[in-house]
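Visitor: I should like to learn how sheets, helices and single residues are read from a structure. May we take one case and work through it?

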Amino acid sequence: MAAWIQVRDLSFSYGGRELLESLSFQIEPGERIGLLGRNGAGKSTLMRLIAGELQPDNGAIDVAAGVRIARLAQEVPRDGDDSVQDVVLSGFSAASRGASPKSTADAADHGEDWQRLQQAEQVVSRMGLDAAARFQDLSSGMKRRVLLAKALVTQPHVLLLDEPTNHLDIDSIRWLEEFLLREGLTLVFVTHDRAFLQRLANRIIEVDRARLFDWSCDYRTFLVRKDAALEAEAKQEALFDKRLAAEEVWIRTGIKARRTRNEGRVRELERMREERRQRRSAVGNVRLQTQDTERSGHIVVQARGVSHAFDGRTVLRDVTLDIDRGDKIGIIGPNGAGKTTLIRILLGELTPDSGHVRRGSNLQVAYFDQLRAQLDEERSAAENVAGGNDSVVVDGRSRHIVGYLQDFLFSGERARTLVRYLSGGERNRLLLAKMFTKPANVLVLDEPTNDLDAETLELLEALLVEFSGTVLLVSHDREFLNNVVTGTFVFEGDGEVKPFAGGYDDWLRQRVVETAPRDARPASRPAATPQRKKLSYKEQKELEGLPQRIERLEAEQAALHEELAAPGFYQQPSAQIAAATARLQALSAELETAYERWTSLESE
């Protein structure tokens, strides 16, 4: 099948730095390409080049005739008085590359205005949006959904998505996954959400040190192959350096060497020197470290019967929760449910309408704000962290601010750059740098994962797991929640917040599957004993067999993981590799279904 997009020898520089160098690849129908790379590697730039919004310095991008491309940008506009429907309709004027433009009159003559209005109404309805709402009045999450609708309204053949899950709640992310899989769209997407990446991508393209690496596999398989490739690269470079060092010794051995000097060997040495100068070593990782401080009391926060409302809408209803020292709590709920409100009440920044909150002794809180309000856009990165000083004190030791920010991958130039010119990922790293200058025994992180690359996410995970204090974490990143938290507070609707043990997947397994709509349930009677229906014989036998079935599935899953990790696994034919990875995905889905069915039957 012919490629829809062909990228040939593409190069692009920015600020005197070669961002992309001689990239060549093609995009074929049905591919779902996860575009990976460190913050600042050029992922968003590459998508803007494919969309025709930027022109390359060298090379070309050929798009097949009639192929429509649409792009969902990473940035969410802060202003604009248009209605949701107007914003969605504006997608028509922004998109179809390669199509000949038509005047409004021509469109009306051909009935296109009516057809576009119909398409806009359909996508607005499918995404649960209010067509008449003003865009500027919406939350960040709802704005993101509107912009996605704008990208989808043209029914593009190729959809470019730059951090599509940012500011979306978990239900919206899962809806988006199902929608994109169901529609069969050809995708190129950048995301920090590893669960989203694993679910969607059937090909990985990585931009690393201005070069492109192409992996025809899913994300987990890519991780295994990438580790092996990096290990091989490190060994190859070590051998090269050893050989170069030996040649340098030879060239400097004096008269004896000059008598026996081989001009070909000299030329080879010069070539090796140049190759070593041109080497692009892997970018280092962020170095994250919290500052030690005194322990808090055993009780961190106790909330009893807390209720709160905004503009007559109840966001918290009779909430009773306990947080002890060392707990790592994930707070899960839809956008607008009241997660940030709950945090502010627990921290004492907001007084509840009713109920009371007791806070423990010796609490020292460091707060990561999802709106980045703690950053002054008109000051440099260094000024934001050091307050205009040349140094910061970290763990009782004075460090120059530029050196400290290098731990967070800021060069001297970027450390002196105004915040308003920094990318989303850089702002997140800057906020982490600022937060970690403060001694704390309670870390509060409100959506810390937005825009962070995978390596920084994994390092942040490791730091939070090892942190001896208490963590409150608001996140829609399912993988991050699974890897970090020991308990979850889940917004169940109507202001109810329920505690569960474990992370996101643990919550899925524990939650009671309620079959009846809330409005159809009878009024609750606290003293009444819950009525349980009697299981049929078939259901009883199913319930008895589920533990054994789950055990078998988990054993097969573990065996497959071992098989994929074996050194010789990827030397097999591609069909066998694909079959094994497909079976692993199917096992994960079967396990989730089995756990939910077990919970459902147990509750009945």
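Guide: We shall go through two sheets, one helix and one loop residue. Please note that this is a predicted model.

Visitor: Let us begin with the sheet of six strands. What is its strand order, and which kind of pairing does it have?

Guide: A sheet is described by the order of its strands and by their pairing. Here the open sheet has the order 5-6-7-3-8-9, and its pairing is mixed. Strand 5 (69-72) and strand 9 (211-215) are at the edges; each has a single partner strand, so one side of each lacks a neighbour in the sheet. On average, neighbouring strands are turned by 15° against each other, direction ignored.

Visitor: How many bridges join strand 6 to strand 7?

Guide: Five bridges link strand 6 (residues 158-162) with strand 7 (residues 186-190), and the two run parallel. One bridge pairs V158 with T186 in strand 7. Helix 1 (residues 43-50) packs on this sheet, where it touches strand 3 (32-36), strand 5, strand 6, strand 7 and strand 8 (203-208). The direction of helix 1 makes about 155° with that of strand 6.

Visitor: In which order do the strands of the three-stranded sheet lie?

Guide: This open sheet has the order 11-10-13, with antiparallel pairing. Strand 11 (313-324) and strand 13 (354-359) are its edge strands, each pairing on one side only. The twist from one strand to the next averages 15°. Strand 10 (residues 299-310) runs antiparallel to strand 13 and is joined to it by five bridges; among the partners, S307 bridges to S354 in strand 13.

Visitor: How should one read the two sides of a helix? Which residues of helix 5 are buried?

Guide: An α-helix has 3.6 residues a turn, so residues three or four places apart point the same way. In helix 5, the buried residues are E112, Q119, A120, V123 and V124. They lie on the same side of helix 5 because they cover an arc of only 130° around the axis. W114 and S125 are exposed on the other side. Helix 5 (residues 112-126) has 15 residues and reaches 21 Å from its first C-alpha to its last, close to the 21 Å expected. After helix 5 comes G128, with a positive phi near 65°.

Visitor: Finally, is T449 buried or exposed?

Guide: For a single residue, one reads its accessible area together with its contacts. T449, in the loop between strand 17 (442-446) and helix 17 (454-466), counts as buried because its relative accessible area is 1%, and buried means under 20%. Leaving aside residues up to four places away in sequence, T449 touches H192, N428, L457, S475, D477 and F480. The side chains of T449 and H192 are also joined by a polar contact of 3.5 Å.

Key
Residues are numbered from 1 along each chain as its sequence is written. This is a predicted model: local features need pLDDT of at least 70, side-chain atom pairs count only at pLDDT 80 or more; totals for chains, interfaces and linings use all residues. Side-chain values use heavy atoms; hydrogens and water are left out. Two strands pair if DSSP finds at least two bridges between them. Helices (H or I, at least four residues) and strands (E, at least two) are DSSP runs, numbered from the N terminus. Axes are lines fitted to C-alpha atoms, for helices over the stretch in contact, and angles run from 0 to 180 degrees between N-to-C directions. Buried means under 20% relative accessible area, exposed over 50%, partly exposed in between (1.4 Å probe, protein chains only). A polar contact is a pair of N or O atoms within 3.5 Å; within protein, one must be able to donate a hydrogen and the other to accept it, and residues adjacent in sequence count only if both atoms are side-chain atoms. Contact means heavy atoms within 4.5 Å. The expected span of a helix is 1.5 Å times one less than its number of residues. The arc is that of the directions from the helix axis to the C-beta atoms.
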